[in-house]
Amino acid sequence: MAKRLEVTYRVYEDGTALAHAAAKHFAERVAQSVEKRGRARIAISGGSTPKATFALLADPAQPYGKNIPWDKVELFWVDERTVGPDDPDSNYRMTRENLLSKVAPNPDKVHRIEGELDPEEAAAKYETVIRREFRLEGAEVPRFDVVWLGMGDDGHTASLFPHTEGIHELGRIAFANHVPQKDTWRITLSAPVINEALEVVFLIGGDDKAAPLERVLYGEYDPAETPSQLIQPKNGSLLFLLDTKAAAKLPKPGADHAGHVELAR
Ligand code: 6PG
């Protein structure tokens, strides 16, 4: 019996409106998690899309970040490039420059993936950190409060790229994935870990994402070709925050700027 997954997408006028919506949602979800559990365990992605949202969260003139109890945020990365923390390609560096250098997280609760290490070593160390922080035993899977994802124009998410081994990884929490199309290695959370989250939010903007996004939501289920289709939270919610360009091929949202898709997977 196919599992049916309710997906909500919310569409915003442009990149700026999208970034504001994402910052608002980030702040709301942190507040909810802290209220319920005394802390917020968040996994964030890199790339370029989150930059504007991080900048808004860090901006004291904006209403979002200043009410976030940053000392109660436990920050993890969804993935990292195999570079050091000061490399222009580093997801950690992007986050440090746009957010972490401007707010006051507990440094013991900011869990950078050490991309400068051998990929397998970096992945193993990161998995050990996650097991420690979540107090996992045996085959337990960490449950993040929110996992923030982006999506590439090839339909990848995290560092789960089309036709790479990482798509099939089911046992490890974090692992090194060889990405031949980029001639590189990446360290990434596995799809089952992302799917364990209480909420998964895709933050996607730009017209180059319209076609892959349509494939993700309405195309044939083919995760090897479109790895973002792997993301089906087991017991959590799945939300897409989009700008009009990325949503161009989706059914027009309702008056509340939201659309709903029921995925049979
Ligand atoms: C990374 C990200 C990756 C990203 C997508 C979208 O390390 O690059 O984690 O999965 O979310 O590639 O990237 P853009 O936001 O730059 O389009």
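**Note on the sheet and helix H4**

1. Eight strands make up an open sheet of mixed pairing, in the order E5-E3-E2-E6-E9-E10-E1-E11 (strands pair if DSSP finds at least two bridges between them; helices, H or I of at least four residues, and strands, E of at least two, are DSSP runs numbered from the N terminus). Strand E5 (110-111) and strand E11 (258-264) are the edge strands, each pairing on one side only.

2. This is a predicted model, in which local features need pLDDT of at least 70 and side-chain atom pairs count only at pLDDT 80 or more, while totals for chains, interfaces and linings use all residues. Residues are numbered from 1 along each chain as its sequence is written, and side-chain values use heavy atoms, with hydrogens and water left out.

3. Strand E9 (residues 199-204) runs parallel to strand E10 (residues 237-243), and 6 bridges join them. Phe202 stands opposite Phe240 in E10.

4. In helix H4 (residues 119-134), the buried residues (under 20% relative accessible area, 1.4 Å probe, protein chains only; exposed is over 50%, partly exposed in between) are Pro119, Ala122, Ala123, Tyr126, Glu127, Ile130, Glu133 and Phe134. Seen down the helix axis, these buried residues fall within an arc of 130 degrees (taken from the directions from the axis to the C-beta atoms), so they line one face of H4. Thr128 and Arg132, on the other side, are exposed.

5. The cover over the buried residues of H4 includes E2, E3, E5, strand E7 (174-179) and strand E8 (184-189), where contact means heavy atoms within 4.5 Å.

6. Just after H4, Arg135 takes a positive phi of about 55 degrees.
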